[in-house]
Amino acid sequence: MAQKQIRVLVTDDSATVRNWVQTVLTPEHGFTIVGEARDGLQAVEACARLKPDIVLMDVEMPNADGFHATESIMRQTPVPILIFTSTAVYRSRRVPFRSLSAGALDVMLKPKSVLDGKNQTIADMLRKKLRILANVVVIRRTGVATINEQPLALNPMPRVVAIGASTGGPKAIATLLQGMEPTAPYGVIIVQHMAQEFVPGFIEWLGESLSVPVLEARPGALLEAGSIYVASGSHHVGLAPDRRFLSIEGPPVNECCPSADVLFESVAKYVARDSVGILLTGMGRDGAKGLLSIKKAGGQTMAQDEPSSVIFGMPKVAYELGAVEQVHPLAVMAAALRTRKQEAA
């Protein structure tokens with residue numbers, strides 16, 4: 001049986017880049033380039049007309065840049081989008097978080113030149129990413145609770161809120177935190193699957209929209225109420241009995257480092273009933289077993305619902321495992337935590 005071709009829309013104002021992509025994404029490799037766009041406006045029109053399986057999107061273009069084009073596409077004709085940009089733009093325009101906020105699934109750097117000796121490696125990586133992302137079902141609509149519509153029953157106020165997320169997570173995390181009570185008497189610790197070099201930018205980006213401190217979860221630092229902490233991308237992060245952060249060395253868990261499972265297991269062991277575990281959008285199964293441990297230890301557990309998730313992978317696995325008490329859209333989760341604070345006051 002012939003391999004199903006992945007239909008790609010290439011958006012870049014550089015003819016050199018478009019020509020290089022043509023040589024990389026060939027039918028022999030399972031790709032068909034169904035169209036090319038030279039700016040963001042053309043990309044939006046072409047996406048609606050051609051309905052590609054995935055869009056390869058540049059950032060700096062005339063008329064409308066890649067961020068605005070991505071936002072428009074995700075509102076009008078949602079499709080997986082891979083941002084493909086240069087190192088200079090990547091560093092100067094905080095591409096990872098602006099891209100993910102706009103709705104793109106991932107970011108990749110272009111080769112420095114068509115004569116770059118690493119081009120074959122980059123070509124292989126590009127094809128691999130496109131094959132994976134083209135199969136992601138992206139949904140952009142306002143979510144409503146699909147399993148339970150009522151907020152969680154109130155328990156004693158938690159001291160720790162632990163959050164795990166992957167693909168689509170940065171925007172989901174920001175939305176959730178913006179809806180929570182900024183003076184809540186709990187600390188928040190986040191595992192977002194990302195490389196270490198992205199963590200400082202993620203912390204800065206989150207902090208711009210929040211009125212509470214956003215910090216890196218450094219080993220030995222105390223998790224304090226009213227603050228938000230982000231796990232490093234270089235090691236697993238856990239909580240000690242005194243609620244100080246631990247650096248946990250070891251191989252990736254569920255192919256992830258840091259791993260939400262590692263964090264959740266430590267929360268279940270040392271915080272138990274004083275905790276809420278939350279699993280957000282993401283591919284794979286990281287966090288499911290750890291969330292079950294929190295539930296068994298007496299903590300509360302929530303997961304993001306399918307309509308509001310970029311990828312309903314990690315939450316779905318956790319729900320099917322019996323680890324999730326309720327599945328909510330982000331607004332309902334935030335409201336539940338606000339209600340807990342009001343009731344506890």
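## Buried, exposed and in between

A residue is called buried at under 20% relative accessible area, exposed at over 50%, and partly exposed in between. This structure is a predicted model. D274 has a relative accessible area of 28%, so D274 is partly exposed. R243 stands at 24%, which makes R243 partly exposed as well.

These two residues also meet. D274 and R243 form a salt bridge, and their closest N and O atoms are 3.3 Å apart. D274 sits in the loop between α9 and β12, while R243 sits in the loop between β10 and β11, so the salt bridge ties together parts that are 31 residues apart in sequence.

## A network of charges

Salt bridges that share partners join D12, D58 and K110 into one network. How many salt bridges does a search of the whole structure find? The search finds ten.

One of them joins the side chains of D12 and K110, at 2.7 Å from N to O. This pair links distant parts of the chain. D12 lies in the loop between β1 and α1 (15-24). K110 lies in the loop between β5 (106-109) and α6 (119-133). The two residues are 98 residues apart. Are D12 and K110 buried or exposed? Both are buried.

A further salt bridge joins the side chains of R218 and E216, at 3.8 Å from N to O. Here the two partners fall into separate classes. R218 has 52% relative accessibility, so R218 counts as exposed. E216 has 19%, so E216 counts as buried.

## Strand β3 and its partners

Strand β3 covers residues 54-57. In a regular strand, side chains alternate between the two faces of the sheet. In β3, I54 and L56 point one way, and V55 and M57 point the other way. All of these residues are buried.

Which strands pair with β3? Strand β1 (residues 6-11) pairs with β3 in the parallel sense, over four bridges. Within that pairing, V8 has I54 of β3 as its bridge partner. Strand β4 (residues 81-85) also pairs with β3 in the parallel sense, over three bridges. There, M57 has I83 of β4 as its bridge partner. Helix α3 (residues 66-76) joins the picture too: β3, α3 and β4 make a right-handed β-α-β unit.

## Helix α9

Helix α9 runs over residues 260-270. Why is α9 described as largely enclosed by the rest of the structure? Eight of its eleven residues are buried, and therefore the description fits. The buried residues are A260, D261, V262, L263, F264, S266, V267 and A268.

These buried residues pack against several strands: β6 (160-165), β7 (187-192), β10 (236-239), β11 (245-248) and β12 (275-279). They also pack against helix α10 (288-296).

Look at the two ends of α9. At the start, a side-chain oxygen of S259 reaches to within 3.1 Å of the backbone nitrogen of D261. After the helix comes A272, whose phi is positive, near 50 degrees.

## Two loop residues

S166 has its place in the loop between β6 and α7 (169-179). Its relative accessibility is 11%, so S166 counts as buried. The side chains of S166 and H193 are joined by a polar contact of 3.0 Å. Leaving aside neighbours within four places in sequence, S166 is in contact with Q192, H193, T281, G282, M283 and M314.

E197 is found in the loop between β7 and α8 (199-208). Its relative accessibility is 61%, so E197 counts as exposed. Where is E197 relative to G233 in space? The C-alpha atoms of E197 and G233 are 7.7 Å apart, and the two residues are 36 residues apart in sequence.

## Cysteines

How many disulfides are there? The count comes to zero. A disulfide needs two cysteine sulfur atoms within 2.5 Å. The sulfur of C257 is 8.9 Å from the closest cysteine sulfur, in C256, so the distance is too far for a bond.

The accessibility of two cysteines can also be read. C257 has 26% relative accessibility, so C257 counts as partly exposed. C47 has a relative accessible area of 2%, so C47 is buried.

Note on methods: Residues are numbered from 1 along each chain as its sequence is written. This is a predicted model: local features need pLDDT of at least 70, side-chain atom pairs count only at pLDDT 80 or more; totals for chains, interfaces and linings use all residues. Side-chain values use heavy atoms; hydrogens and water are left out. Buried means under 20% relative accessible area, exposed over 50%, partly exposed in between (1.4 Å probe, protein chains only). Contact means heavy atoms within 4.5 Å. A polar contact is a pair of N or O atoms within 3.5 Å; within protein, one must be able to donate a hydrogen and the other to accept it, and residues adjacent in sequence count only if both atoms are side-chain atoms. Two strands pair if DSSP finds at least two bridges between them. A crossover is right-handed if, with the strands pointing away from the viewer, the path from the first strand over the helix to the second runs clockwise. A salt bridge is a side-chain nitrogen of Lys or Arg within 4 Å of a carboxyl oxygen of Asp or Glu.
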